[in-house]
Structures are given as C-alpha cells and as structure tokens.
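The following report considers the overall build of a single protein chain and then the surroundings of several of its annotated residues. The sequence and the structure come first.

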Amino acid sequence: MSLALNIDHSSAVRPAPTMRPSLIGLSKAGLAETLVSHEVVSEKEGRMRASQLWNWLYVNGVTDFERMTNVAKPVRQKLSDTFNLDRPEIVSEQVSVDGTRKWLFRFRDPANPHLPAVEVETVYIPESDRGTLCVSSQVGCTLTCSFCHTGTQKLVRNLSAGEILGQILMARERLGDFPGGSRPDDGGLVPGGETRAITNIVMMGMGEPLYNYENVKQALLIASAGDGMSISKRRITLSTSGVVPYIEPTGREIDVMLAISLHAVRDDLRDVLVPINKKWPLKELLEACKNYPGLSNARRITFEYVMLDGINDSDAEARELVRLLAGIPAKINLIPFNPWPGSNYGTSPSNRIERFADIVNKAGYASPVRTPRGRDIFAACGQLKSESERLSRKDRDALLTL
Ligand code: SAH
Ligand code: SF4
C-alpha cells in the first residue's frame, strides 16, 4: 500500500466566517420568508427572489451575491450586507491510491460565533458507473456501536441543514461539478455516461441521521428537489442503526432509499454490537422495515452486515439472516470490518465472507460485498472520526496486511 496524497488546504482562500446568518439550507418558502422578514425584498417579491437564489445556490453553486446577475444591484447589496453563503473551510483533503477522497471540513455556527468550530469528515468514492458522496449528519455520535470508530467520539452537536448541504456543495465545487467548474487534475472522476462526478449521496458518514431528523430531512429535500440539486431520490440512501420511530416518517416525508445497519441476527449479539437494539430490538426494527412507505421489489431496503471474524459470520447466521428477512424486499450488503486505532475486532477472512455471501445469494438475495475504499486514508466505513489519533503499530500492521 502506498502513501496517500495529503493536500493541506488549511489556508484555503475562503473569507473568514461571518456572524451574518447563512442562506444555505432554507426551504424555498423559508428563504422567501427570511428575505421578507429582513426587509431585503417586499412581500410581493419574496417567492420570485427565493426561486432565483435557489437556482444560484444549488444549480450554479454561486458563493458570491455579486454573481447573481438577474438580481437587481441594490438587492444584491442588501443581501450581502445581511447574509452569508459561506461554505465549510477545508482543513484537509486527502486522496487515496484508489481515488477515494476524504475531506475534513470545519464549520462555525454563525448563530453562536462564540462556540468552538466543529469538524466533520466527508468522503467521495468514484466507481465506473457512479460517484458516491458519503455525508455526515452529526459531529460524533451518541450511539456506541462497538465496532465503529465514530462511536468512540462523543456527540458534539447536530449539524444544521445548511452544514449538511455545505458538505455536498463543497465537494461539488472541488470536483468541478458546477457549471464552469474545473475538474481535479487526476481526471477519470466522472463515471461513464454521467455528466456529474457526484451521482449518489449516502448518509453514511459520521452520526446517526435519524437522531437529527429535521435537519437531515430539510437537507435531503433540497438535494433532491428538481430545482435544487436535482439528485434523484432513488440515488440517495439514508442509513440508520435502527431508530424505529423515525423509519416510517423517513419514507413518507423524505422518500429516499433506506439502509439498516443490521450486523447481527440475534438480540443478545445485536445488543452488544449495536446497543440501540436494547431500545428497539430486532422484531420491532424488522416490523418497521416491512411497513416502510413505498417498499417494493424495485425499491428494496439495504441491510448492512459488517463481517466480524468469529463474531457474526457463521453459516448458521447466514441462514438465520435469510429467514429473518423473509417477506421484506431486501438487498444485503456485506461489509468487511475496517479496523481503526484500538478496535477489538478482526475482519472475517475472505473465504468466510464468500461462503456467507454464497448462502445469502442462493436464497435469492443480491449480496454484494462492499470493497473497502480509501482505507489508506481512513476513509472506509466506520473509520471516520474528526479527532485525529495515531494508529498503534499493531493496528497499522493489521491494516497493511488486508
Ligand atoms: N449511523 C448510521 C450511518 C453511519 S455508519 C448507521 O449506523 O447506520 C455507515 C455504516 O458503516 C453502518 O452500517 C455502520 O454500521 C458501518 N460501520 C461502522 N463501523 C464500521 C467498521 N469499522 N467497519 C465496517 N463498517 C462499519
Ligand atoms: Fe453511530 Fe452509526 Fe457508528 Fe453506530 S455505526 S456509532 S450509529 S455512526
């Protein structure tokens, strides 16, 4: 494994965050209301200006009010005196040997400028037929899944809708995805047949999205709106550890694809691996899945299953998995465990993963094994954490042999 390229953008040319409130992350109606209540435009003009602004922000990726040429100059002036369009600051951008990119973004809370800035990680995974952006919903996580690195970082705070969208906007800017933007030098980023580098969004970064439901909902509604970022809802996946009461609202109100971090087929083991299971055990979780709005064979739920050596990877567990999911249109995503500093688990050997996948496949489920991406830059599933830590020699050696 060779070293990742680490570009330091800590001195990126970004204006210092201001105390003016941000306009990123407001629904169109909310934006119209804000413009009117700050007396930037009259009540009559509110909706029209909000549509124009949405187009500049989400279709054209503009960060400077002066570039909004169809907005009258005095209005542009008032807008820049009153609001900001700041994107996160890039603390670092790393590119893996496999093309995966990881950013460490820093946000300040304009409503509470006295609070310390927070940092989150966002990952871009280019493949031949798609480009997926893995977005964070919280700084840290309140949950403590025993195999997840993020779970060792205490929750600092929820991200706002604007900060969730800010990750997507900044990634699109860096990947040259806005009109007139330039692609990074390494090329090959735009998947075959696509015009954009980012075609898919997964809410699989740091945090539990359903513990920050309102902000995630607002951000995804803007990401998927035809006059917003127009990313198809079929190409947006929200992953949850199993916050049962919010599963039905997710389907009804956000209407995106659902992934469930299952990882075990018995409550006693799932209680240890995914402790939220003590609150909402398997039976309730699977019942909520069966009732997910819009569920059909064309729109299946993805069940994520991390392969932990000797813990949850036996043939009997593969058969039990098939039995549990009977009657739910499902895909099963097997994820080889990605180690992190201090983790107590090992990755199942590849022949074990193949055997497990075989049993699941024979039962009629598509069960792709997720190829770990960006492990060399700690960008793979479950490795994200925004407090830097040094890897112990033992873990580093383990990582190099994978
Ligand atoms: N909090 C949400 C989404 C973020 S985690 C959730 O738990 O679903 C994205 C996926 O990576 C989840 O399925 C999670 O269980 C899995 N994951 C966490 N740590 C991992 C690790 N070390 N190796 C492989 N997958 C991991
Ligand atoms: Fe939180 Fe998801 Fe990690 Fe569990 S797996 S600790 S829910 S980020």
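Eleven helices and twelve strands make up the secondary structure of the chain, as seen in a model that is predicted. The radius of gyration is 22 Å, which agrees with the value near 21 Å that a compact globule of 402 residues would have. Along the principal axes, the C-alpha atoms fill a box of roughly 70 × 45 × 45 Å. Of the 402 residues, 54% count as buried, and among the contacts between residues at least 6 apart in sequence, 67% join residues that are at least 24 apart.

The accessible surface of the chain comes to about 17600 Å², and 51% of this area belongs to carbon and sulfur atoms. As for charge, the chain carries 49 positive and 47 negative charges, whose mean positions are 2 Å apart.

Two annotations from the UniProt record, an unreviewed entry, direct attention to particular residues. The "active site" annotation in that entry covers Glu121 and Cys381. Although these positions are spread over 261 residues of sequence, they cluster in space, with a largest C-alpha distance of 11.6 Å. The "binding site" annotation of the unreviewed UniProt entry covers Gly207, Glu208, Ser239, Ser261, Leu262, His263 and Asn338.

The table sets out four residues with their relative accessible areas.

| Residue | Location | Relative accessible area |
|---|---|---|
| Glu121 | strand β4 (residues 118–126) | 6%, buried |
| Leu262 | loop between β10 (257–261) and α7 (267–273) | 0%, buried |
| Glu304 | strand β11 (residues 301–307) | 4%, buried |
| Asn338 | loop between β12 (330–336) and α10 (350–362) | 4%, buried |

Glu121 counts as buried because its relative accessible area of 6% falls under the 20% cut-off. Leaving aside neighbours within four places in sequence, Glu121 is in contact with Lys102, Trp103, Leu104, Ser136, Gln167, Met206, Leu384 and Lys385.

Asn338, in the loop between β12 and α10, links the two annotations through its contacts: it is one of the residues covered by "binding site" in the UniProt entry, and its contacts beyond four places in sequence are Pro372, Arg375, Ala380, Cys381 and Gln383, of which Cys381 is covered by "active site" in the UniProt entry.

Glu304, in strand β11, has contacts with several residues of the "binding site" annotation. Apart from neighbours within four places in sequence, Glu304 is in contact with Met204, Ser239, Ala259, Ile260, Ser261, Leu262, His263, Asn333, Ile335 and Arg370; among them, Ser239, Ser261, Leu262 and His263 are covered by "binding site" in the UniProt record.

Leu262, for its part, is buried with a relative accessible area of 0%, and, with neighbours within four places in sequence left aside, it is in contact with Arg270, Val274, Leu282, Leu285, Phe303, Glu304 and Leu321. One of these contacts, Leu321, is also a buried residue of helix α9.

Helix α9 spans residues 315–324, and its buried residues are Asp315, Glu317, Ala318, Leu321, Val322 and Leu324. The cover over these buried residues includes α7, α8 (282–290), β11, β12 and α10. Of these elements, β11 is the strand that holds Glu304, while β12 and α10 flank the loop in which Asn338 is found.

Notes: Residues numbered from 1 in each chain as written. Chains lettered and ligands numbered in written order. Predicted model: local features only at pLDDT ≥ 70, side-chain atom pairs only at ≥ 80, totals over all residues. Heavy atoms only, no water. Rg over C-alpha atoms; globule rule 2.2 N^0.38 Å. Buried < 20%, exposed > 50% of the residue type's maximum accessible area, 1.4 Å probe, protein only. Contact = heavy atoms within 4.5 Å. Areas by Shrake-Rupley, 256 points an atom, 1.4 Å probe, with all protein chains shown as cover. Lys, Arg positive; Asp, Glu negative; His and termini not counted. Charge placed at Lys NZ, Arg CZ, Asp CG, Glu CD. UniProt positions renumbered as here; feature names shortened; annotations may be inferred.
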